[in-house]
Amino acid sequence: MSKDLTQSGTAGAGGSSLSSELFHAGVYKANQGRIVRQLTALAVWVVVALGCWRLYTFLPATMGDASMAARVIPGVLLAAGLWFGFRVVNWPRFADFLIAVEAEMNKVTWPSKDELIRASVVVIFTIFFLAITLFLFDVLWQFIFNFIGVTS
């Protein structure tokens, strides 16, 4: 039985490795999980772009302003990172996970505006009540310890 599970877990498109998927240009299950996959790709691209921008500002200071490599390296890494972000959301194993995430998010019943306001008021009131209670306990114990001479 475990042999069947192992084989089915790695067989087909779902079991392909990420390194083999990096060199394909196709989109896996293009019409499923689009929003989550697009947002995930955007997040990866933002992280890559910020890292490359930081590298772009750092390398000229260490390699010299006239160095062409200080300008080319961040550009090559940016292009590779953007391609990686596109490919990782089309990697069958990860894409199936993101498709499942979007399917579950569609099942969520979101509160109405009135329910959200009421719940927020309850949370804010509870936080203030607990803060005041903890403050009063602190004052009480400070008074008790000062009265018996534990603290100066």
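Here are legends for a few close-up views of this predicted model.

Residues count from 1 along each chain as its sequence is written, and side-chain values use heavy atoms, with hydrogens and water left out. Local features need pLDDT of at least 70, side-chain atom pairs count only at pLDDT 80 or more, and totals for chains, interfaces and linings use all residues.

**View 1. Stretches that UniProt labels "transmembrane region".** The unreviewed entry puts this label on residues 39–56, 68–86 and 116–137; positions follow the numbering used here, feature names are shortened, and annotations may be inferred rather than shown by experiment. Residues 39–56 are 100% helix and 0% strand, with end C-alpha atoms 25 Å apart. Residues 116–137 are also 100% helix and 0% strand, and their end C-alpha atoms lie 31 Å apart. (Helices are DSSP runs of H or I, at least four residues; strands are runs of E, at least two; both are numbered from the N terminus.)

**View 2. W83 meets F86.** The structure holds 5 aromatic pairs (Phe, Tyr or Trp rings, using Trp's six-membered ring, with centres within 6.5 Å). Here the ring centres of W83 and F86 are 5.5 Å apart and the planes sit at 45°, so this pair is tilted (stacked is under 30 degrees, edge-to-face over 60, tilted the rest). Both belong to helix α4 (residues 69–88), 3 residues apart, which means about one helical turn separates them. W83, at 37% relative accessibility, is partly exposed (buried is under 20%, exposed over 50%, partly exposed in between; 1.4 Å probe, protein chains only). F86 is partly exposed too, at 25%.

**View 3. F125 and F129, a stacked pair.** Their ring centres are 6.4 Å apart and their planes are at 20°, so they count as stacked. Sitting 4 residues apart in helix α6 (residues 113–148), F125 and F129 are about one helical turn from each other. F125 is exposed, at 57% relative accessibility.
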